[in-house]
Protein chains: 2
Amino acid sequence: MNPFTDQPAHSIGSLGEQRLIAAIRRWLGTASPEAPFGIGDDCAVVPAGRAAQLLTVDPVIHGQHFDDAVPPRAVGEKLFKRNLSDIAAMGGRPRAAVVALALDAHVRIDWLEAFYRGLAAVSRRFSVPLVGGDVAQHQGGIVATLTLVGEAGPRVLTRRGAKSGDWIYVTGHLGGSLPSRHHYRFTPRLAEGAWLARRAEVRSMMDVSDGLAKDIHSLTPQGTMPAICPESLPIRKGCDVRAALCDGEDYELVFTVSAKADTAALERAWKRTFPRTRLSCLGRFVHRAEFPASAIKLEEFHGYEHLR
Amino acid sequence: MNPFTDQPAHSIGSLGEQRLIAAIRRWLGTASPEAPFGIGDDCAVVPAGRAAQLLTVDPVIHGQHFDDAVPPRAVGEKLFKRNLSDIAAMGGRPRAAVVALALDAHVRIDWLEAFYRGLAAVSRRFSVPLVGGDVAQHQGGIVATLTLVGEAGPRVLTRRGAKSGDWIYVTGHLGGSLPSRHHYRFTPRLAEGAWLARRAEVRSMMDVSDGLAKDIHSLTPQGTMPAICPESLPIRKGCDVRAALCDGEDYELVFTVSAKADTAALERAWKRTFPRTRLSCLGRFVHRAEFPASAIKLEEFHGYEHLR
């Protein structure tokens with residue numbers, strides 16, 4: 001759906017602020033609690049938690065993260081889920097979200113309704129209330145920004161912690177996110193992330209958003225290289241190695257496991273807990289001199305480069 | 001300064017993502033702690049607090065909240081401060097911020113540097129670290145969205161709580177925010193808001209951002225009207241009553257005080273604590289039948305209406 005219309009009666013400009021906000025509250029329904037715990041005051045109040053907080057922000061921008069081919073409901077879902085994926089990547093639990101919209105006055109009311117209904121659906125599915133937000137005018141586009149507050153689990157899994165010799169694992173499949181529509185259909189790996197953070201042998205983790213070839217560098221210990229076996233890559237049907245490494249928007253978890261760990265036990269436990277989610281051991285971090293000839297030369301692949 | 005340039009060497013598009021992010025970290029300096037407590041992982045980790053959290057989000061958008069006449073450093077300051085004003089309005093304490101930028105690739109590097117240095121200056125001044133963010137490409141504009149996490153004080157002052165007969169107070173001056181450049185030069189009333197939340201006779205509070213004529217409705221108890229005496233309005237020099245009521249972007253606190261309170265004692269305590277900040281008693285909430293002929297007929301004034 002093209003989000004814009006020249007027919008004034010169908011555009012948000014015809015509603016004005018008061019009626020638009022009333023409509024948004026209707027569209028969100030039970031996804032948005034009453035003020036001061038939800039929309040309607042200067043801030044939203046989130047009851048105190050006991051653990052450290054996690055904070056993350058990601059936008060969706062028309063022409064950049066979605067186009068007219070993506071249903072507006074899926075745009076809202078994608079915005080929420082890509083932030084949930086960041087909480088998953090630290091092993092945390094999402095608690096509350098706020099969303100800020102910068103919108104052209106020509107945006108269609110029905111486009112916006114479907115967008116908010118998408119947000120509300122994800123909010124209910126993962127029990128994360130939408131507690132606040134802002135709508136502002138922006139000539140020429142749609143920029144929707146969601147900020148998510150989460151709670152750390154008993155242990156926060158960061159990107160640092162891997163050592164030379166440690167194993168590299170990835171969940172699900174990689175590549176072809178756009179043509180397969182995975183980029184808005186994916187399920188954020190919240191349960192998997194929380195489970196992995198409780199396993200002591202898992203040492204670091206992140207989500208794959210810009211392509212494994214690029215993102216793996218953030219986990220790589222100094223003085224080592226990731227030696228990834230091409231046969232081990234969980235390539236999505238219809239894709240090749242390049243797509244699996246470079247396409248981005250996989251929203252899978254990549255994590256590292258101690259070289260001393262009983263990886264067979266980890267894999268068995270995974271299969272019992274997540275029987276429908278593939279887990280792949282891709283290889284390990286090795287010193288430059290040990291790099292096997294059969295491993296993928298990652299420097300020949302580039303992940304998604306922003307602002308180019 | 002016009003934020004855009006056609007000279008590739010001066011635009012952020014020439015930097016690419018890696019160098020841009022390195023530059024941002026340099027510009028932010030001590031305002032941004034190391035990951036996982038700052039930028040550089042999937043989420044930022046904010047240490048656990050004991051009180052309820054406050055959450056607020058507000059953007060600045062090119063052509064809407066700033067134009068080429070506003071120095072880019074002031075744009076960054078304004079973005080941070082208008083969110084701080086929302087925390088002040090609940091009597092809270094700001095703790096951490098994340099900022100998401102949607103930027104055209106033609107944005108000037110020096111514009112962006114000054115913008116981030118403005119953010120960093122406010123961050124240091126109010127001791128609120130910038131712990132994370134996102135930069136994404138957006139053809140045709142600049143949308144910067146800041147989300148602020150705060151901690152509630154011993155008491156959260158919301159917009160609800162006033163009763164018929166209660167007094168209406170406002171801090172500072174109203175009107176002419178744009179011509180006087182107050183809209184980016186203001187100081188968020190954090191100290192004042194926290195102080196007011198500790199006074200039991202103060203019953204409700206908000207910040208004035210869309211003009212008093214519009215915002216006061218949020219504080220008005222059902223079945224009453226705000227009876228505001230025109231002589232009591234703290235009108236900014238060079239403005240008239242209409243400007244004071246309608247201009248918006250005042251970022252002052254409007255609050256209500258119990259009808260039974262010793263207002264003289266409150267005013268004396270205010271003067272001792274904030275000798276340089278004006279405090280004005282504007283009037284009180286009255287039933288329709290009691291509305292005095294001399295009071296301002298607010299229905300003849302309209303505050304700032306978004307999305308029109």
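**Exercise 1.** In this predicted model, determine how many bridges join strand 7 of chain B to strand 9 of chain B, and place the two strands in their sheet.

*Solution.*
1. Strand 7 and strand 9 (residues 252-257) of chain B are joined by 6 bridges and run antiparallel.
2. Within this pairing, B:M205 is found opposite B:F255 of strand 9.
3. The sheet is open and has 5 strands of chain B, in the order 7-9-6-10-8, with antiparallel pairing.
4. Strand 7 (202-208) and strand 8 (224-228) of chain B each have a single partner strand, so one side of each lacks a neighbour in the sheet.
5. On average, neighbouring strands of this sheet are turned by 25 degrees against each other, direction ignored.
6. Helix 5 (residues 190-197) of chain B lies across strands 7 and 9, at about 10 degrees to strand 9.

**Exercise 2.** Locate the partners of the salt bridge between B:K78 and B:E249, and classify each as buried or exposed.

*Solution.*
1. The closest N and O atoms of B:K78 and B:E249 are 2.8 Å apart.
2. B:K78 belongs to helix 2 (residues 72-88) of chain B, and B:E249 to the loop between helix 7 (241-246) and strand 9, so the salt bridge ties together parts 171 residues apart in sequence.
3. Buried means under 20% relative accessible area.
4. B:K78 has 2% and is therefore buried; B:E249 has 14% and is therefore buried.

**Exercise 3.** Which chains does the salt bridge between B:D42 and A:R159 connect?

*Solution.*
1. The N to O distance of this salt bridge is 3.1 Å.
2. The pair crosses between chains, from B:D42 in chain B to A:R159 in chain A.
3. Both B:D42 and A:R159 are buried.

Technical notes: Residues are numbered from 1 along each chain as its sequence is written. Chains are lettered from A and ligands numbered from 1 in the order in which they are written. This is a predicted model: local features need pLDDT of at least 70, side-chain atom pairs count only at pLDDT 80 or more; totals for chains, interfaces and linings use all residues. Side-chain values use heavy atoms; hydrogens and water are left out. Two strands pair if DSSP finds at least two bridges between them. Helices (H or I, at least four residues) and strands (E, at least two) are DSSP runs, numbered from the N terminus. Axes are lines fitted to C-alpha atoms, for helices over the stretch in contact, and angles run from 0 to 180 degrees between N-to-C directions. Contact means heavy atoms within 4.5 Å. A salt bridge is a side-chain nitrogen of Lys or Arg within 4 Å of a carboxyl oxygen of Asp or Glu. Buried means under 20% relative accessible area, exposed over 50%, partly exposed in between (1.4 Å probe, protein chains only).
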